[in-house]
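Colleague: I'm new to this one, so could you walk me through it with some questions and answers?

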Amino acid sequence: MGKTMNCRLVLLSFILAGFLNSTGAAIDPQYHNNDEIYAEILAWQQLYPDTVRIDTIGYSHEDELPIWAVKISDNVHQDEDEPTVLFVGQVHAEELIGVEITLAMISDIMEHRFQYNPYPYAVWLQTLEIWIIPTLNPEGHQVVMDEWDVSFRKNKHDCNQNGIFDYSTQGVGNDSDGVDLNRNFPLNWVHGDPYLCSTGNEPFDYFRGFWPLSESETQALWELGERERFSFSIVWHSSRTGNYSEKVFYPWEWEDGKTPPDFEVIDSLGIQIAYTIPTLSGGNYYQPVPSGTAKGNQHDSFYAYFGTIGFLIEAGPGIQSPYQTALEVISANLPGAYHLLNRACGYGEMNHSQLSGKVTDIETGLPLPATVTIPQLDSPFLKTRTCDATHGRYRRYVMPSTYDVEVRMRGYYPQTRTGIFANPSGPPPYYDFALTPKPVHHLSGEVQSLGGDPLPCTLFIFGEDVEDTILVSTDGQIEVDLPEGEYRLVFDNAECVVRNDVINLDQDLYLIFQLSPSAILFFDDFESGLEQWIADGTNPYLVRWGTEAADSLWPGGMVATESPDTTYLPEVENWIEIAEPLNLSEAATASVRFQHWYYFEPGYDYAQVEVSTDQGDNWEVIAGPYWGQDIGWGTGYASLNDYCGLDDVRLRWLISTDASMNEQGWRIDNVEVAASDTLVSDTPAVQLPREYALYSVYPNPFNSSLTILLNLPYDQVTNVTVWDVAGRQVAEIYQGNLRKGQHRFTWMAPASQSSGIYLLKIDGREKSEIRKIIYLK
Ligand SMILES: [Zn+2]
């Protein structure tokens with residue numbers, strides 16, 4: 001019944017409002033529909049197959065129409081070591097002009113491809129890779145071009161899952177299906193767009209989608225952005241109200257004047273681009289606007305995640321001008337795009353400054369996708385900038401100044417160069433880095449109960465680099481290869497006090513870690529509110545701590561938060577404290593464990609766990625600070641070993657925020673304080689056996705190489721050999737004097753060796769040991 005009515009309503013309004021757009025005229029037939037877009041770009045590809053390539057980067061969400069990207073460059077089929085620039089003609093369906101601008105741009109570049117005037121077309125083709133997407137929203141474009149609804153904005157996502165495309169031609173913004181693709185990108189997605197949808201969850205005209213990148217269109221662009229790491233981009237829109245017409249938006253100037261670290265270079269380019277594009281009223285130029293918005297748009301997200309300096313241009317005086325007007329908008333906009341291409345390749349009378357170079361492995365010469373940090377241009381808001389994996393190239397467009405460059409890669413020693421001057425003119429200075437690999441060491445050992453039995457647990461290994469974080473599920477045995485360095489180990493067994501260790505892995509280590517069975521001193525799953533807690537803050541009137549029902553991904557029922565069902569308050573420092581002070585006077589070891597997720601403005605707002613041993617006068621941090629996004633549930637840990645023996649230990653969970661950018665905050669559950677009166681060694685002892693020990697042979701069976709770990713109590717002559725089952729010696733792996741301590745051997749079975757069972761024999765001064773090994777080809 002409902003479906004039928006819906007259809008009739010749609011049909012009726014179609015007949016009534018039908019072919020008229022907001023200006024009362026039908027769409028000028030000279031605007032390109034999808035078939036005409038494809039015919040035109042296909043013609044260019046057929047004419048110049050070495051210079052023009054059409055890629056289908058994805059498909060539209062509902063109708064699975066192809067999304068075409070046109071790559072233009074010499075050697076277009078190769079991924080050359082060149083800066084990449086992205087142009088997108090259309091995101092919002094009713095905004096047609098950008099499609100025409102991008103198609104005109106392809107024509108103009110291809111027609112003048114050998115020329116240097118009035119623009120250096122030939123230089124662009126030789127030195128850049130230009131990517132042009134006429135429309136990111138082909139199914140929405142079809143709705144508009146077929147004049148079902150000329151004020152349609154979104155894709156056709158069937159939000160209410162009724163199997164029907166629900167749209168309305170009654171005014172603008174009443175289309176209940178569809179997602180606003182320029183609200184669906186990750187950065188600040190959570191804020192949504194309050195315009196016409198107060199919670200951000202209503203499927204209305206500015207609907208942000210069901211989660212970040214929930215749409216196949218935004219996913220397709222995201223994957224392209226992640227792969228190509230565009231230096232620059234322009235995405236054309238046009239303003240339906242005219243309120244935003246003829247403006248150039250870029251990242252970003254948020255509340256409190258918060259700007260990103262590249263703002264000076266972004267802002268200067270934004271101003272230059274804007275002042276290249278005359279308005280149709282004549283005389284004046286487009287207005288540069290550092291975007292004040294924070295709601296899941298493409299250009300802010302690409303900048304934060306991939307380093308792309310991106311501009312959103314609201315082109316033309318309206319959305320569907322007569323084509324005669326469109327032609328004027330096109331010719332006004334091309335110079336803005338060309339200014340960006342010149343900046344990308346360092347052409348003309350402008351600031352050329354960039355920092356660039358390659359990062360390779362010093363031994364193999366192969367490119368490395370290393371992390372490159374420029375401390376003068378760093379911010380916790382930006383995802384780490386990495387070199388492209390194909391060329392090892394890093395590239396950053398900067399203002400002329402002096403910079404440092406820090407290069408890090410997991411498994412390599414970091415390198416820094418200081419005082420690099422980025423020239424304002426001429427070719428950029430290239431600073432290459434050849435990184436030296438760190439030696440890899442083997443960490444092995446056993447997690448044990450106090451009685452010495454193997455104990456299953458979850459082991460987290462945190463290294464210097466974020467990428468070092470490793471989760472090991474162990475039945476009690478530890479076997480892991482890690483680059484040399486310092487690591488923090490956290491052992492989590494539900495029945496035991498959490499154990500924290502820091503080890504310096506500068507050689508192969510075999511370690512024994514014992515865990516103490518715990519007594520629970522405190523536990524709260526927040527099912528009865530905050531009964532066991534005191535909520536307080538520096539301004540008691542701004543304390544809102546309470547509980548809310550957990551999201552559907554978390555089975556934990558009620559959870560504690562400062563901001564039940566909303567975002568946190570600005571300029572607060574407040575907390576919940578366990579009401580009853582903890583008595584650790586009998587404890588030999590103690591720990592705290594809790595589940596949480598968080599989302600705080602990076603660099604400005606944060607949460608942490610604190611402890612006080614003087615009745616709350618002074619507090620020190622034992623876990624955190626947590627900031628940025630970690631919106632999957634995870635476990636927080638802290639050791640309380642430093643407070644054992646004290647009878648008044650207070651714990652609190654605190655958030656601290658500044659005046660602007662209020663996010664979802666902190667959700668906490670299952671807070672547990674555990675202690676044991678049994679002392680285990682703080683530092684895991686290296687096992688030095690009285691006799692020599694062959695403590696690990698792995699993998700076994702083995703395929704190409706076998707690793708043998710040996711531990712000697714004193715210096716001795718040692719012989720390591722391999723025998724076949726008929727008693728013939730097959731290989732001698734080592735013979736000679738070995739120092740006491742740990743040793744590691746690797747045996748590569750020769751290709752001629754047949755599969756089967758062999759015997760590994762180790763002869764020491766007082767003892768021989770034989771281990772059966774199986775070789776599988
Ligand atoms: Zn738009």
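Colleague: Which residues of α6 are buried?
Modeller: Keep in mind that this is a predicted model, where local features need pLDDT of at least 70, side-chain atom pairs count only at pLDDT 80 or more, and totals for chains, interfaces and linings use all residues. Numbering starts from 1 along each chain as its sequence is written, and side-chain values use heavy atoms, with hydrogens and water left out. Buried means under 20% relative accessible area, exposed over 50%, and partly exposed in between (1.4 Å probe, protein chains only). By that cut-off, the buried ones in α6 are E217, T218, A220, L221, W222, L224, G225 and E228.

Colleague: What covers the buried residues of α6?
Modeller: Helices (H or I, at least four residues) and strands (E, at least two) are DSSP runs, numbered from the N terminus. The cover comes from both kinds, and it includes the helices α5 (138-145) and α8 (298-306), plus the strands β1 (52-59), β2 (66-72), β3 (84-88) and β4 (129-133).

Colleague: How far does α6 reach from its first C-alpha to its last?
Modeller: Helix α6 covers residues 216-228, which is 13 residues. The expected span of a helix is 1.5 Å times one less than its number of residues. For α6 that expectation is 18 Å, and the model comes close to it, at 18 Å.

Colleague: Which residue just after α6 takes a positive phi?
Modeller: Look right past the end of the helix. The phi there is about 45°, and the residue is R229.

Colleague: Which residues are the protein donors of the zinc ion?
Modeller: Donors are N, O and S atoms within 2.8 Å of the metal (3.2 Å for Na, K and Ca), and water is not among the atoms, so sites may look incomplete. Here the donor atoms lie 2.0 to 2.5 Å from the zinc ion, with ND1 from each histidine and OE listed twice for the glutamate. In sequence the donor residues follow the spacing H-x2-E-x141-H. They are H92, E95 and H237.

Colleague: Why does H92 count as buried or exposed?
Modeller: The relative accessibility of H92 is just 2%, so it falls on the buried side. E95 has a relative accessible area of 4% and is buried too. For H92, then, the answer is buried.

Colleague: What is the geometry of the zinc ion site?
Modeller: Four donors count as tetrahedral if all angles lie between 85 and 135 degrees; four count as square planar and six as octahedral if opposite donors are over 155 degrees apart and all others between 65 and 115; anything else is irregular. The angles among the four donor atoms here run from 55 to 150°, and the site is irregular.

Colleague: At what angle do α7 and α9 pack?
Modeller: Axes are lines fitted to C-alpha atoms, for helices over the stretch in contact, and angles run from 0 to 180 degrees between N-to-C directions. Helix α7 (residues 263-274) and helix α9 (residues 323-345) have axes 9 Å apart and an angle of about 140°.

Colleague: Which residues does I277 contact, leaving aside its neighbours within four places in sequence?
Modeller: I277 sits in the loop between α7 and β7 (287-290), and it is buried, at 0% relative accessible area. Contact means heavy atoms within 4.5 Å. On that basis, I277 meets N284, Y285, Y286, I313, A332, N333 and G336.
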